[in-house]
Amino acid sequence: MSSKRKKTIFDELKALLGSRVRADDMELQLYGKDSSVLSGVPSTVCFPLDAEEVQGIVNICNRFQRPFIARGSGTGLAGGAVPVGNPVIISTAKMNKILDIDLEDRIAWVEPGVLNLDLSKALKEFGFHFAPDPSSQQVCSIGGNVANNSGGPHCLAYGVTTSHVLAAEVVLPNAEIVTLGGIDPEPTGYDLRGLFIGSEGTMGIATKIAVRLTPNPPDVRTLLLDFADVSDGALAVSAIINAGIIPAALEMMDHNAIGMIEAFVHAGYPVEAAAVLLVELDGLSGAVEAAVETIKDVAKIHNAGSVRIAKDETERALLWKGRKNAFGAVARIKPDYYLHDTVVPRSKLVEVLNQVYQAADKYDLIAINVFHAGDGNLHPILAYDAREPGILERVHSAGDAIIKASMDAGGVLSGEHGIGLEKRDFMHLLFSAHDMFTQDLIREAFDPQGLANPLKILPSGSRCSDSFKQHVPEGVWV
Amino acid sequence: MSKNFKVSLGIDEDALASCVSCGLCLPHCPTYRVTQEETASPRGRIALMRQVEAAGVADDTFISFMDACIQCRGCETACPSGVPFGPMMETTREALADQTSYQPRYRRLGYSVLGMPRLLALGSRLIAVLQRLRLIPSRLALPRIPLRQTKLKASGDDVWLFTGCIMDAWMRDTHAAVKRVVESTGAGVRLPGNEAGCCGALHVHAGLTLKAKKLANKVIEAFPGTNPILVDSAGCGAQLKDYGHLLGTTKAAAFSSRVFDVHEWLAENLDKLPKINSDEPPVIVQDPCHLRHVQRSHEAVRLVMNQYIGTIELDDDGLCCGAGGAYSSLHPETAAEVRTRKLESINRSGGTNVVSANPGCMLHLQQAGVSIQHPLELVDSIIARAMKRE
Ligand SMILES: Cc1cc2nc3c(=O)[nH]c(=O)nc-3n(C[C@H](O)[C@H](O)[C@H](O)COP(=O)(O)OP(=O)(O)OC[C@H]3O[C@@H](n4cnc5c(N)ncnc54)[C@H](O)[C@@H]3O)c2cc1C
Ligand code: SF4
Ligand code: SF4
């Protein structure tokens, strides 16, 4: 090849990163997927080690007008990290250092690729943890948590990611490095930090994150209530909150979920039950004791079969292991799943759950419900085998029905998994054209060239569209 | 770009479909932990298998991705969907060994020696002599091999002790200690002759299934009767327990059902172990992957140890130490990086002395300066010291 050959984007990335840039076909395909059902193929995968390298990559992408997508651990459930438009994938996985732990101010600075649970484990010896605990916490990255404003079972009492992130160093889409937010309690000016959290990589790439440390509670009690009727369980959820208790976590699992979870953890989940509630109470011992008694009363009124109280940390950990591995255990029923993430008012839980089961029945699918009941965040899983002909149409029809039921009940589209690619074309159900136009303006202010994770969250041009399938961009497979 | 060649992996279709790509296995995979790359993760490896199975072609890059797996099977215990990763990887390697140049002649030859006890003993003695003459470079990281080995003598026929290949040639003292602990329960120990030899685990890992089957048949013949067969090497134990599946015969299945990790057997006979009050400081338990993730009987080690000594747990959820049978010789760099994580965890634990029920892990960690023993070597020494006091 002649030395005067025009340099390709790959050449330039290679000059910057050496062996940490890849374009082998097989490898590229692995970075075409996250934990959702969608997939695409990127042009290149980069593994930067610090903010300067991320900046370098973004600069190169700007010069070549090539889209770029940040990727953490690839556990997103909405296709946020799925490549569209032949992009460069910027993996933050090797940026995984905990930079500083400041116990006095209760802040830690971490790189985006630090795994959520690794952070809490590192904080354990000091008596602290990072409160947002997505069920994927053993593997998802803090950067991904920030980008999706992720929640978790314990966010019922503690709030989601945005309540626990004080500042972020960000490489903006124009390759400028800025720090959004600050460690002072009330930063002046617009809360750009708040805007960035939940922006799913469309407003730049977080390269350092300041997280708030939460002290471990003095006392914790974990209870498992079982019900012979799903509706009783759902009613008990509201009853617990109405009794004035805000549990640290309040999770519901239905019969199908219990079966697949128990097959993995052997924690003694009641496989006969129609539903169980996993309730966690934390705080000072006296208050926790009193709350346990109240919950026992509620359980009786709502026909709970039994109330099991974890006797020690091992039993507690085992019960949680079951809950946290639920999505991953679906293949025990069917090898593929499509998952929704709507939030409905607690008072409508019974009604919407019934509609979920009806939708599954109508399209001859299996519905599995395992979700954050305390804040009405449903996670109906439609389990299927993609090898069955015609199955995808049925899955999408049932999904549409579930979304419609949730919206009709006054709910929202996504509780915590983000919009990404998968829920993008449902946005018009929630927002008017004017709303979406305004959101697009905000996005443009950050990314006028449209290179940062394009075609995610907002439909392109933010025009309304009706059906999910028709609008999946070219090059993406479901 | 490397050359493509035709290949059919022959992995069970349902097994291949059973991965939902959730990624929950990633942090439990040693090679992902040190690379942070999908190609070195269980999820990635499964996706690669799917690609190759669908296309019917592979290339050297694919082989190198498959070969970089330690086959520790930590992903299996972590996977909520029960994806049978170990068998899938074994099938893949068998197909690669059969259909491609994955296992070159010289490597096959090396594996063959394991099944030839006399040659192995001779070779080992040669290495031992060369080591004394300082002619073996230390970067080869071989353990110091004994010049002379005392012969083990049978003491009855209540249980068998499986002695294996490398371990018998290099670490017979461990067998001797294990034997004494078993005997301390009152049981008589029977030994297979020289003909039992190698269990074939390394052959299965390398994809040399046919050879492994031959070895399995030989082993089965060497253990007549119905008495339990005790194994003090987690890797060998896992393999012997799998003979039923490997050979698919009722005879092999019956053999496998007689196999116990020696700790499993002792845990059932705790009341027969000598009662001793010892005030030893607690010891760190490092679980061999093939005990924890394959046999899933690592708790038994604690039950036995705790009769005599306290145990300290590591905080890495049973992440592999990097030994992986032949892995540490074939991939020394990755193996050392994986080991570094283990060393860090050992440092954090507050303990100093480690026990591990697998010769491979012992050697691999010893080379990094860890003070490590087989759990039953420690128990044996505690019992011996107490006897002396009396
Ligand atoms: C089994 C399972 C259980 C789950 N449970 C929960 C749950 O309880 N609650 C919940 O909220 N979610 C849950 N999720 C979804 C998912 O784990 C979270 O959304 C998680 O935060 C994603 O993190 P990640 O590192 O995998 O991100 P990825 O999937 O890699 O990326 C997600 C999005 O973040 C962007 N991104 C990643 N890193 C950066 C960065 N540094 N800067 C800017 N943008 C970035 C990507 O471009 C993408 O749009 C679950 C997923 C699975 C598979
Ligand atoms: S192997 Fe299991 S844990 Fe790993 S990604 Fe697949 S389903 Fe999830
Ligand atoms: S067997 Fe071990 S090294 Fe191989 S993919 Fe599974 S966890 Fe990783």
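**Figure 1. Glu169(A) is a buried residue in a salt bridge with Lys208(A).** In this predicted model, Glu169(A) has a relative accessible area of 12% and is therefore buried (buried: under 20% relative accessible area; exposed: over 50%; partly exposed: in between; 1.4 Å probe, protein chains only). Its closest N and O atoms to Lys208(A) are 3.1 Å apart (a salt bridge is a side-chain nitrogen of Lys or Arg within 4 Å of a carboxyl oxygen of Asp or Glu). Glu169(A) sits in strand E8 of chain A and Lys208(A) in strand E10 (residues 205–212), so the pair ties together parts 39 residues apart in sequence. Helices (H or I, at least four residues) and strands (E, at least two) are DSSP runs, numbered from the N terminus. Lys208(A) is partly exposed, at 29% relative accessibility. Strand E8 (residues 165–171) also holds Ala167(A). Ala167(A) is buried, at 1% relative accessibility. From Ala167(A) to Ala275(A) is 108 residues in sequence and 40 Å in space, C-alpha to C-alpha.

Conventions for all views: residues are numbered from 1 along each chain as its sequence is written, while chains are lettered from A and ligands numbered from 1 in the order in which they are written. Local features need pLDDT of at least 70, side-chain atom pairs count only at pLDDT 80 or more, and totals for chains, interfaces and linings use all residues; side-chain values use heavy atoms, with hydrogens and water left out.

**Figure 2. Ligand 1 occupies a site shared between chains A and B.** The site is shared because residues from both chains surround the ligand. There are 37 such residues (near: a heavy atom within 4 Å). The closest are Ala70(A), Thr75(A), Ser136(A), Ser141(A) and Ser150(A). A polar side-chain atom of Glu416(A) lies 2.7 Å from a ligand nitrogen. Two backbone N or O atoms also approach: one of Gly151(A), 2.9 Å from a nitrogen atom of ligand 1, and one of Glu200(A), 3.2 Å from an oxygen atom of ligand 1. Taken alone, ligand 1 exposes 980 Å², and the protein buries 100% of that (Shrake-Rupley method, 1.4 Å probe; for residues, only the protein chains shown count as cover).

**Figure 3. Ser135(A) contacts Arg323(A) through its side chain.** The two side chains make a polar contact at 3.3 Å (a pair of N or O atoms within 3.5 Å; within protein, one must be able to donate a hydrogen and the other to accept it, and residues adjacent in sequence count only if both atoms are side-chain atoms). Ser135(A) lies in the loop between strand E7 (128–129) and helix H5 (142–148) of chain A. Ser135(A) is buried, at 12% relative accessibility.

**Figure 4. Salt bridges occur in chain A and in chain B.** Asp385(A) and Arg387(A) meet at 3.0 Å, N to O. Asp385(A) is buried at 15% relative accessibility; Arg387(A) is partly exposed at 39%. In chain B, Asp287(B) pairs with Arg302(B), the closest N and O atoms being 2.9 Å apart. Asp287(B) lies in the loop between strand E7 (283–285) and helix H17 (289–295), and Arg302(B) in helix H18 (residues 299–305), so the pair ties together parts 15 residues apart in sequence. Both Asp287(B) and Arg302(B) are buried.

**Figure 5. A salt-bridge network includes residues of chains A and B.** Arg22(A), Glu27(A), Lys94(A) and Glu37(B) are linked in it. Over all chains, the structure holds 41 salt bridges.
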